[in-house]
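This briefing concerns the nonpolar cores of a model and the packing of some of its helices. Please keep the structure at hand while reading.

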Amino acid sequence: MATSSQTMLRVIEPATEQMLTELPHAGVEEADAAIARAKEALPAWRALAPGDRARVLRAISDAVAAHAEELAVLEARNVGKPIGDARGEIGMVSDTFEYYAGAPERLLGETIPVAGGIDMTFREPLGVIGLIVPWNFPLPIASWKIAPALAAGNTVVLKPAELTPLTALELERIALEAGLPEGVLNVVVGPGRIVGERLVEHPEVAKVAFTGSTAVGRRIGELAAQQIKRVTLELGGKSANVIFADADIAAAALAAPLAVFGNAGQDCCARSRILVQRAALEEFMSELEAAMKSLRVGDPLDEQTEVGPLISADQREKVASYLEDGAPIAFRGTAPEGPGYWFAPTVLCPVSNVDRAAREEIFGPVAAVIPFDGEEEAIRLANDTIYGLSGSIWTQNGARALRVARALESGTLSVNSNTSVRVTTPFGGFKQSGLGRELGPHALDHYTELKNVFVAL
Ligand code: NAD
């Protein structure tokens, strides 16, 4: 097992299968050095006046906005995501730093009435925090962790996914230029089993914030438990798009393809189980087929592209295996020929909720249409999964919308929409989709420790 940068990492462009660049692959030694830098930077950063910490975060937000186009192109090329989506995501990164720049001066405590003195609470930083992120939304997910962690006075070590490390390295450079002190944000590019696990096991790391698969999340939870280390876990999903017959079926069908095929289906929030009330199934399927025809799959750098390639050949092989289980293919979109990890968006119908395509996170552009008869059955099917991350409800009946929203076991739901994530609102999973929440004010609870102080009078 390599313990330091003896190997080189080839970073591939999924749309061309060509190498974008080569980087040294870090090991335990580099991870330890980054943790030491973060530890050294901690006292000065947490002692900085809250207004000064806020100013640095605002400067990072401005610097990301100033470099937005180059970051968007880099992300589009490295992940294979459409440039329009990448621009939106980089905009969100800038907004995330701006939003949490409001936090250092608003980390309020409480005074609690007690006998014999004054009791008050403080929100203390945790210390050095290890951040581990996946390859599907590399920079936004990193920023959802970095910004609240730094706002609360912590320092961080970020391990991006091996497949997509480039924008994280750029962010580190941009943040330093914007005035972030050395050692407050440290990016280490290395394998999950080595650098990732070192972050979890290192005694100087107070907490790990992880986004990735449920399998790796479970492993991180097990390792962290040895030291009662704080963890937040944002994991997989198998979300339901529940379409009732009383919905605007044309609108639901128009929105459904990108709710699954956006980011080539490599989205933890993908509404990959489309539950359709049987009375509207025929109308929905014909509208969906029409909507699929206009879906533009192709070059991520083409302004018109809506769906790019998958991240890797391995991912394509895994996704293809779900078409071999016997669920009927209702229709497929198109995909370019030639180099690139392309996969034509595919709709399976009818699928039973017990089929593998309905139970496992495919993480590719494959949708499973599952018919249902009544509201109770829809709720039962939607909840019959180990996951609980996201989902949508389409109906024009307001009471039903709220009734079903309350009944679904999921952290983030939208009605007559496919939105999952906003900077200002909490995001995270029920059940095996995770622990904790990101974004909104709630994320700050996960980057601080609550302290209570009693003063006798
Ligand atoms: P992954 O779990 O394979 O890897 C995620 C990160 O963990 C990578 O940086 C990887 O190097 C690292 N890692 C791998 N093994 C590790 C180990 N043993 N110890 C520590 N770190 C380790 O996930 P992925 O394939 O990069 O991403 C896809 C998964 O991420 C999907 O399951 C998806 O649903 C999930 N995801 C969840 C959210 C969310 O917010 N809930 C968002 C995006 C992606």
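The points below take the cores, then a helix pair, then a single helix.

This is a predicted model, in which local features need pLDDT of at least 70 and side-chain atom pairs count only at pLDDT 80 or more, while totals for chains, interfaces and linings use all residues. Residues are numbered from 1 along each chain as its sequence is written, and side-chain values use heavy atoms, with hydrogens and water left out.

**Nonpolar cores**

- The largest nonpolar core (buried Ala, Val, Leu, Ile, Met, Phe, Trp, Tyr and Cys residues joined through side-chain atoms within 4.5 Å; buried means under 20% relative accessible area with a 1.4 Å probe, protein chains only) has 59 residues, and Ile60, Ile146, Leu158 and Leu180 have the most contacts inside it.
- Helix H5 (residues 138-151) supplies the largest share of this core, nine residues; helices (H or I, at least four residues) and strands (E, at least two) are DSSP runs, numbered from the N terminus.
- Because domain 1 (8-235 + 432-456) and domain 2 (240-422) both give residues to this core, it lies between them; the bounds come from an automatic or database domain assignment.

**Helices H4 and H5**

- The axes of helix H4 (residues 83-100) and H5, lines fitted to C-alpha atoms over the stretch in contact, come within 9 Å and cross at roughly 10 degrees, with angles running from 0 to 180 degrees between N-to-C directions.
- H4 and H5 are therefore roughly parallel to each other, a label for angles under 35 degrees.

**Helix H8**

- In H8, Thr214, Gly217, Ile220, Leu223 and Ala224 are buried.

Notes. Buried means under 20% relative accessible area, exposed over 50%, partly exposed in between (1.4 Å probe, protein chains only). Angles under 35 degrees count as roughly parallel, over 145 as roughly antiparallel, 65 to 115 as roughly perpendicular and the rest as oblique.
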